[in-house]
Amino acid sequence: MSAGFQAVQWNRAKIVYDIILVVSVALYIAGFAWMSFMHYPGQDTAEVVDTFIRAFGSAAFLMLTVILAIGPLARMFPKLLPLLYNRRHFGVLTFFVALIHAGLMIEWYLVQNALPSLWVELSKTEDYARFIGFPFKILGLGALVILLVMAATSHDFWLAFLGPRLWKAIHMAVYLAYGLAVMHVALGIMQYDRNPLIPLMLIASAAVLGSLHLAAGWREVIGDRGAPTAADGWLIVGPPYAIPDKRARIVAAAGGERIAVFRSGNLVSAVTNVCVHQNGPLGEGRIVNGCIICPWHGYEYRLEDGCAPPPFTERLATYRLRLRDGVLEVNPEPLPPGTPAAIAVGLVDG
Amino acid sequence: MRRGHRRAHRRIWLFLLPLLLVGFAMALALRTPPAPPSPAPEVVMEAPR
């Protein structure tokens with residue numbers, strides 16, 4: 001969170017992350033080009049440009065695969081959460097790599113004085129009715145436009161302006177971009193080049209992403225099953241000491257949003273599991289200096305009332321808690337955001 | 001994440017993955033076979049004089 005506008009919200013960790021990203025991409029491009037020049041020496045200008053088209057194109061595709069793998073990986077392996085914190089920088093860099101790929105494609109036509117051929121290729125309407133022979137470049141262009149919209153709206157200004165729900169919905173288009181990119185490769189270079197690495201790259205990418213998302217999704221389904229309830233509808237959380245200190249236990253009412261029940265010493269508080277910034281899973285965060293820290297981007301909320309500390313103004317819905325026979329229970333009806341609702345429990349740390 | 005968002009994530013993959021598999025399999029199966037290598041140019045031997 002930020003009290004003022006910053007073009008890019010860099011900190012030391014993000015600078016290190018970005019340097020690693022840029023150096024990795026540079027090494028990949030250099031390695032790709034070096035191997036190509038070793039295997040096919042004596043390339044003319046158009047062939048050199050073609051080599052870099054492939055280098056940047058494959059880099060963009062692999063980066064998109066990694067970006068889409070980060071979400072489910074971070075949910076299944078919390079140690080990988082730092083990858084998630086800076087995913088937006090990764091996405092913006094992927095857009096620029098894809099943009100260079102597209103720019104080099106135009107350069108390829110230019111060095112052969114054949115730019116009008118590109119227009120002819122894209123405007124042959126009868127080709128759009130074919131499967132093999134489909135103007136695959138239009139698929140890549142579609143993916144590039146989606147990445148452009150995502151990169152342009154990646155700043156927190158747009159998140160605040162559009163609201164988390166719409167912003168997230170727009171950014172879900174990354175899956176469409178991925179689908180377009182897969183078919184751009186399958187109907188493009190895979191048709192002309194018999195290198196088995198090309199279909200292998202597509203299969204491996206889709207298999208890894210599909211299985212990761214389905215595995216993470218299955219865990220979410222289990223998490224969304226309603227917690228047991230008391231006779232009056234309050235959700236049973238369990239003994240307070242079963243919640244690790246400074247951490248939360250997440251419970252959900254059947255069909256309802258998740259609730260994060262935090263404990264800090266003998267103080268227990270229940271807040272919505274949904275961070276107001278980007279809907280991050282607050283219950284997977286921890287308490288530092290009396291504040292709940294969102295694991296995604298570090299937004300902070302006071303434990304006792306769910307309010308962000310001044311000068312910030314974000315507030316979370318809180319929930320009433322009670323202790324009955326040593327068992328903590330939470331009322332699934334949310335209180336207005338920022339309502340103090342923490343209770344003290346006389347507990348023995350177990 | 002909100003419940004609806006989690007559900008959307010799952011549904012997207014349940015649609016996207018089969019679509020991509022079908023698209024990719026068709027693109028692989030319908031690839032035009034590579035052109036046969038052009039025959040070696042015939043070498044005309046000159047008869048010794």
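This is a short selection tour of a predicted model.

Residue numbers run from 1 along each chain as written, with chains lettered from A and ligands numbered from 1 in written order. In this predicted model local features need pLDDT of at least 70 and side-chain atom pairs pLDDT 80 or more, while totals for chains, interfaces and linings use all residues; side-chain values use heavy atoms, without hydrogens and water.

Select strand S1 (235-238) of chain A; strands here are DSSP E runs of at least two residues, and helices H or I runs of at least four, numbered from the N terminus. S1(A) belongs to an open antiparallel sheet of three strands, ordered S1-S10-S9. S1(A) and S9 (321-324) of chain A are at the edges with a single partner strand each, so one side of each has no neighbour in the sheet.

Add S10 (residues 327-330) of chain A, joined to S1(A) by three bridges; pairing requires at least two DSSP bridges. Within S10(A), Leu328(A) is opposite Gly238(A).

Next, turn to the cavities. A cavity is a set of points on a 1 Å grid over the protein atoms alone where a 1.4 Å probe fits but cannot get out; its lining residues have an atom within 4 Å of a point. Volume is the space filled by probe spheres set on the points, which are joined across faces, edges and corners. There are two cavities of 30 Å³ or more, and the largest holds about 680 Å³. Of its 34 lining residues, select those closest to the centre: Arg87(A), Lys168(A), Val174(A), Tyr175(A) and His9(B). Finally, show H2(A), which gives the largest share of that lining, six residues.

Conventions. On a 1 Å grid over the protein atoms alone, a cavity is a set of points where a 1.4 Å probe fits but cannot get out, and a pocket is an open set with protein on both sides within 12 Å along at least five of seven lines; lining residues have an atom within 4 Å of a point.
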